[in-house]
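Here are some short exercises, each with a worked solution. Keep the sequence and the 3D view open while you go through them.

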Amino acid sequence: MTITWQSQLRAVGAIAWKNWLRFIRYPLNAIFRVIQPLIWLTPLYFLGRSFATDAGNIGFAATTGTSDYMSFVLVGSLISGYIGSVFWGMGYALKTEMDEGVMESNWLAPVPRISFLVGHTLTNLVTTTLTNAGVLLLAWWLFGFTVTGSFWQAVGVLLPLLLALYGFGFGFAAVVLLMRDANMLIDVSDYLLTILSGSQFPVQVLPAILLPLSLALPLTYGFDATRGLLIRTETLLPIGWEVGILLGFMAVTMPLGYWVFRRVERRIKRLGTIGLH
């Protein structure tokens with residue numbers, strides 16, 4: 001059977017549609033995905049107000065260039081949602097197929113592995129975008145969130161960030177295949193990456209022992225550049241440099257992550273453990 005890009009697109013679409021049907025079977029989960037971020041963000045809103053003076057959050061402004069603490073945290077939370085969607089979309093989807101006993105039969109289909117991985121994340125990315133739109137609307141109403149910079153330029157920065165995350169996702173899926181576990185790996189990896197990248201605070205306040213690690217993560221510059229374009233914070237580096245870091249990150253991680261995944265897949269085929277869980 002000849003595999004063409006059209007057939008790959010059909011395969012990706014079929015996998016994404018299957019996941020979408022599963023998602024809409026539980027409408028309360030969809031509603032909770034919008035409400036849950038607000039549950040976590042509301043205490044942060046009051047915490048920020050409790051430390052504010054009559055002149056605003058002057059200490060925070062001295063570090064970031066803006067006194068709008070809530071918008072800073074909100075943008076980080078929305079980007080973190082995309083990071084989680086890639087990790088859960090790839091790693092947890094594979095674990096689910098193992099648990100359901102359909103891993104081996106699915107992978108016997110004449111479909112490239114990359115189509116399986118991308119198809120699993122596509123629904124998550126779409127639903128994350130829809131829920132983020134709902135969160136932004138409610139945040140505008142509840143917390144007074146406003147965009148003071150360029151929305152579309154910020155979206156342009158997010159695109160290479162998301163593509164680079166796919167490289168992370170490919171490598172992470174390989175780890176799930178080896179260890180046949182997903183929940184703990186995803187929770188720990190997702191949490192550490194988002195925290196060290198500055199999802200909820202400026203990385204400049206990290207302890208000296210952790211700051212170099214944070215600055216070595218390209219995701220840090222994705223958060224930073226997006227905030228700089230969207231709410232006009234002071235960035236760690238010129239935005240053009242940060243975008244260049246993201247583009248380089250994307251160019252390296254995507255082929256490297258998929259190469260790792262293919263090597264691991266060949267190994268578990270030899271071991272005969274692909275269907276175990």
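Helices (H or I, at least four residues) and strands (E, at least two) are DSSP runs, numbered from the N terminus. With that in hand, Met 98 can be placed in helix 4. The model is predicted, so local features need pLDDT of at least 70, side-chain atom pairs count only at pLDDT 80 or more, and totals for chains, interfaces and linings use all residues. Residues are numbered from 1 along each chain as its sequence is written, and side-chain values use heavy atoms, with hydrogens and water left out.

**Exercise 1. Take stock of the whole chain.**

Find out which elements build the protein chain and how confident the predictor is.

Step 1. Count the elements: there are 11 helices and 0 strands.

Step 2. Look at pLDDT, the predictor's confidence in each residue, from 0 to 100. The chain has a mean of 81, and 93% of its residues reach 70 or more.

Step 3. Look for the extremes. Confidence is lowest in helix 5 (residues 103–107), with a mean of 72, and highest in helix 10 (residues 218–230), with 91.

**Exercise 2. Check the overall dimensions.**

Compare the radius of gyration of the protein chain with the value for a compact globule.

Step 1. The radius is taken over C-alpha atoms, and the globule rule is 2.2 Å times the number of residues to the power 0.38.

Step 2. For 277 residues the rule gives a value near 19 Å; the chain has 20 Å, which agrees.

Step 3. Add the box: along the principal axes, the C-alpha atoms fill roughly 65 × 40 × 35 Å.

Step 4. Turn to contacts, meaning heavy atoms within 4.5 Å. Of those between residues at least 6 apart in sequence, 78% join residues at least 24 apart.

**Exercise 3. Test the helix lengths.**

Work out whether the spans of helices 7, 10 and 11 agree or disagree with expectation.

Step 1. The expected span is 1.5 Å times one less than the number of residues.

Step 2. Helix 7 (residues 151–179) has 29 residues and should span 42 Å; its end C-alpha atoms are 40 Å apart, which agrees. At its N-terminal end sits a cap, Ser 150, with a side-chain oxygen 3.3 Å from the backbone nitrogen of Gln 153.

Step 3. Helix 10 has 13 residues and should span 18 Å; its ends are 19 Å apart, which agrees too.

Step 4. Helix 11 (residues 239–271), with 33 residues, reaches 47 Å, close to the 48 Å expected.

**Exercise 4. Sort out what is buried.**

Find how much of the chain is buried, then look at helices 10 and 11.

Step 1. Buried means under 20% relative accessible area, exposed over 50%, and partly exposed in between (1.4 Å probe, protein chains only). Buried residues make up 45% of the 277.

Step 2. In helix 10, 13 of the 13 residues are buried, so this helix is largely enclosed by the rest of the structure. Arg 232, which follows helix 10, has a positive phi, near 60 degrees.

Step 3. In helix 11, the buried residues include Leu 246, Phe 249, Gly 257 and Phe 261, and also Glu 242 and Glu 265.

Step 4. Return to Met 98: its relative accessible area is 1%, so it is buried.

**Exercise 5. Explore two hydroxyl residues.**

What do the side chains of Thr 64 and Ser 80 reach?

Step 1. Thr 64 belongs to helix 3 (residues 58–64), and because its relative accessibility is 3%, Thr 64 counts as buried.

Step 2. A polar atom of the Thr 64 side chain lies 3.0 Å from the backbone oxygen of Phe 60, and the backbone oxygen of Thr 66 is also 3.0 Å from a polar atom of that side chain.

Step 3. Beyond four places in sequence, Thr 64 contacts Phe 72, Pro 202, Thr 233 and Glu 234.

Step 4. Ser 80 lies in helix 4 (residues 69–100) and counts as buried at 17% relative accessibility. Its side chain reaches the backbone oxygen of Gly 76 at 2.8 Å.

Step 5. Leaving out residues up to four places away, Ser 80 touches Thr 194, Ser 199 and Phe 223.

Methods. Polar contact = N/O pair within 3.5 Å; in protein donor to acceptor, adjacent residues only side chain to side chain.
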